Amino acid sequence: MEHSRAGDAGPGDLRAGPRIRLLNDDELEIILPFVQALNPEVAPGTLAARLKDMRKNGYGCAAAYAGGRCVGVASLWFGTRFWCGRYVDIDNVIVAESWRGQGIGQALIGWIEDYARQKGCEKVVLDAYTTNERAHAFYLRLGYRIVGLHFDKDLRPAGDQKGAADT
């Protein structure tokens, strides 16, 4: 088993590519520093509480390891919808900043696609914030296409909407 620390110590030798695997339920807390970097406006305790709730609802996470460190994560959820059949929903693809540009994000997506095929999925779906142009370019390069808009509505009282994503 790999060392369980998240790391941003910098790129190493990735000629063989990162080692990717699904995290066990008791390892999921390793992702919190990654998720915090993507959601700095959300308190760490709130993220930990949400992760605990997500675990009860079928949440899974693939992690990429290089040099004994976790250097990237990608969340996944499985479901079935009328319009597409069985699918995997990829969420929160995050690579440690100093490891970006090393093919880790692409390797994570490829691993999830293969895993989803093994699980009988017909589609991969994902959301990216409208302001995240780097993510748009990344997914388009991997063959994804933009097919719709994701809408949301905050149901909390107006004064209690801290941390709402700008989507």
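These legends go with close-up views of a predicted model of one protein.

**View 1. The whole chain, from end to end.**
Start by getting your bearings: this protein has four helices and five strands. Walk along the chain from the N terminus and you meet them in the order β-α-α-β-β-β-α-β-α. There are 167 residues in the protein, and 37% of them are buried. What about contacts between residues at least 6 apart in sequence? Of these, 61% join residues at least 24 apart. The accessible surface adds up to about 10,400 Å², and carbon and sulfur atoms account for 50% of that.

**View 2. The five-stranded sheet.**
Here the strands line up in the order β1-β2-β3-β4-β5, forming an open sheet with mixed pairing. Which strands stand at the edges? They are β1 and β5 (123–126), and each has a single partner strand, so one side of each is left without a neighbour in the sheet. On average, neighbouring strands are turned by 30 degrees against each other, if you ignore direction.

**View 3. Where β3 meets β4.**
Zoom in on two strands of that sheet: β3 and β4 run antiparallel and are paired over nine bridges. Look for Val73, which sits opposite Ile94 in β4.

**View 4. Inside the largest nonpolar core.**
In soluble globular proteins, nonpolar side chains tend to be buried together. The largest nonpolar core in this model has 40 residues, and Leu23, Ile31 and Val73 touch the most other members. Many elements chip in: α1 (32–38), α2 (44–55), β2 (60–66), β3 (69–81), β4 (85–95), α3 (104–118) and α4 (133–141) each supply at least two residues. Now pick out Ile31. Setting aside residues up to four places away in sequence, Ile31 touches Leu23, Leu51, Tyr59, Cys61 and Val73.

**View 5. Glu27, in a loop.**
Find the loop between β1 (19–22) and α1, and you'll find Glu27 there. Is Glu27 buried or exposed? Its relative accessibility is 13%, and buried means under 20%, so Glu27 counts as buried. Its side chain reaches the backbone nitrogen of Asn24 at 2.7 Å.

**View 6. Asn39, in the next loop shown.**
This time we're in the loop between α1 and α2, where Asn39 lies. With a relative accessible area of 11%, Asn39 is buried as well. Which residues does Asn39 contact, leaving aside neighbours within four places in sequence? They are Leu47, Asn92 and Tyr129.

Methods:
Residues are numbered from 1 along each chain as its sequence is written. This is a predicted model: local features need pLDDT of at least 70, side-chain atom pairs count only at pLDDT 80 or more; totals for chains, interfaces and linings use all residues. Side-chain values use heavy atoms; hydrogens and water are left out. Buried means under 20% relative accessible area, exposed over 50%, partly exposed in between (1.4 Å probe, protein chains only). Contact means heavy atoms within 4.5 Å. Accessible areas come from the Shrake-Rupley method with a 1.4 Å probe; for residues, only the protein chains shown count as cover. A polar contact is a pair of N or O atoms within 3.5 Å; within protein, one must be able to donate a hydrogen and the other to accept it, and residues adjacent in sequence count only if both atoms are side-chain atoms. A nonpolar core is a set of buried Ala, Val, Leu, Ile, Met, Phe, Trp, Tyr and Cys residues joined through side-chain atoms within 4.5 Å. Two strands pair if DSSP finds at least two bridges between them. Axes are lines fitted to C-alpha atoms, for helices over the stretch in contact, and angles run from 0 to 180 degrees between N-to-C directions.
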